Amino acid sequence: MPLLANDTDGALTRKRVETWAALREKVTVVAATDAATVQTAAQLAGAGRVVYTMTPTAARTLTTPTGALLGAGFTDEAVGTSFEFTVVNVAAATHAITVTAAASGVTLVGAAATFAVAAASSATYLGVFTAANTVSIYRK
């Protein structure tokens, strides 16, 4: 959620800052099933920071929502604002979870290998709005 002015004189209100701070402190844990393959905009939008946990029994992919779905889900976003999510791979060994981009509106920035989360590890990603319905995702 951006800290954009929300009244006519361009000033931030206390309520706006309070809402932003409360959301920044909130963490939502999503226990993804072994077969889960798609993140939803609803899971990412308005949830503060999201942590996906999964215990895969085979290599899995976790696909982002499209840029249009993210733009619709994050109704108060502006270019340059961001959100983050973490993927925790609880598998003891072998099976990676790979974050992939939706068919449109999302770009994964960096080497493809940085989007694979090895067994018994985690990775945090930062999504940055580059346009109303366009997001670039970076591994932190």
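## A tour that starts at the tail

Select K140 to begin: at 59% relative accessibility, K140 counts as exposed. Keep in mind as you click around that this is a predicted model.

**Stop 1: the salt bridge**

With K140 still selected, add E84. These two residues form a salt bridge, and their closest N and O atoms sit 2.9 Å apart. It's worth a look, as the structure holds one salt bridge. The link joins distant parts of the chain: E84 belongs to strand β4, K140 to the segment after β9 (134-139), and their positions lie 56 residues apart in sequence. Is E84 buried or exposed? Its relative accessibility is 11%, so E84 counts as buried. That gives you a pair with a buried end at E84 and an exposed end at K140.

**Stop 2: zoom out**

Now show the whole chain as a cartoon. You should find three helices and nine strands. Following the sequence from the start, the pattern reads α-β-α-β-β-α-β-β-β-β-β-β. Color by burial if your viewer can do that: of the 140 residues in the chain, 34% are buried. The chain exposes about 7,100 Å², with carbon and sulfur atoms supplying 60% of that area. As for who touches whom, take the contacts with a separation of 6 or more: 62% of them are between residues 24 or more positions apart.

**Stop 3: strand β4 and its partners**

Back to the strand that holds E84. Select β4, residues 82-89. Six of its eight residues are buried, so β4 is largely enclosed by the rest of the structure.

Which strands does it pair with? Add β2, residues 49-54, and you'll see it run parallel to β4, joined by five bridges. Try clicking V51, whose bridge partner in β4 is T86, then Y52, whose partner there is V87. Next, add β8 (residues 121-131), which runs antiparallel to β4 and is joined to it by eight bridges. Here N89 has S121 in β8 as its bridge partner.

One more strand to add: β1 (residues 27-31), parallel to β2 and joined to it by five bridges. Click T28 to find its bridge partner in β2, V50. While you have these strands up, try showing the side chains: in a regular strand they alternate between the two faces of the sheet.

**Stop 4: T86**

Select T86, which is in strand β4. T86 has a relative accessible area of 16%, and is buried. What does T86 touch, leaving out residues up to four places away in sequence? The answer is V50, V51, Y52, S122, A123 and T124. Draw a distance between the side chains of T86 and T124 to see a polar contact of 2.9 Å.

**Stop 5: the rings**

Time for aromatics. A search of the whole structure finds six aromatic pairs. Start with Y52 and F85: the ring centres are 6.3 Å apart and the planes stand at 85 degrees, so this pair is edge-to-face. Y52 sits in β2 and F85 in β4, so the pair ties together parts 33 residues apart in sequence. Both Y52 and F85 are buried.

For another arrangement, select F74 and F83. This aromatic pair is stacked, at 4.8 Å centre to centre with 25 degrees between the planes. How accessible are they? F74 is buried with a relative accessible area of 9%, and F83 is buried too, at 5%.

Then return to Y52 and F85 and add F115 and Y125: the four form one aromatic cluster.

**Stop 6: the three-stranded sheet**

Last stop. Select β3, β5 and β7 to bring up an open sheet of three strands, in the order β3-β5-β7 and with mixed pairing. Which strands are at the edges? They are β3 (60-63) and β7 (116-117), each pairing on one side only. Strand β5 (residues 97-100) pairs with β7 in the antiparallel sense, over two bridges. To finish, click I97 and look across to V117 in β7, which stands opposite.

Key:
Residues are numbered from 1 along each chain as its sequence is written. This is a predicted model: local features need pLDDT of at least 70, side-chain atom pairs count only at pLDDT 80 or more; totals for chains, interfaces and linings use all residues. Side-chain values use heavy atoms; hydrogens and water are left out. Rings of Phe, Tyr and Trp (its six-membered ring) pair if their centres lie within 6.5 Å; planes under 30 degrees apart count as stacked, over 60 as edge-to-face and the rest as tilted. Helices (H or I, at least four residues) and strands (E, at least two) are DSSP runs, numbered from the N terminus. Buried means under 20% relative accessible area, exposed over 50%, partly exposed in between (1.4 Å probe, protein chains only). A polar contact is a pair of N or O atoms within 3.5 Å; within protein, one must be able to donate a hydrogen and the other to accept it, and residues adjacent in sequence count only if both atoms are side-chain atoms. Contact means heavy atoms within 4.5 Å. Two strands pair if DSSP finds at least two bridges between them. Accessible areas come from the Shrake-Rupley method with a 1.4 Å probe; for residues, only the protein chains shown count as cover. A salt bridge is a side-chain nitrogen of Lys or Arg within 4 Å of a carboxyl oxygen of Asp or Glu.
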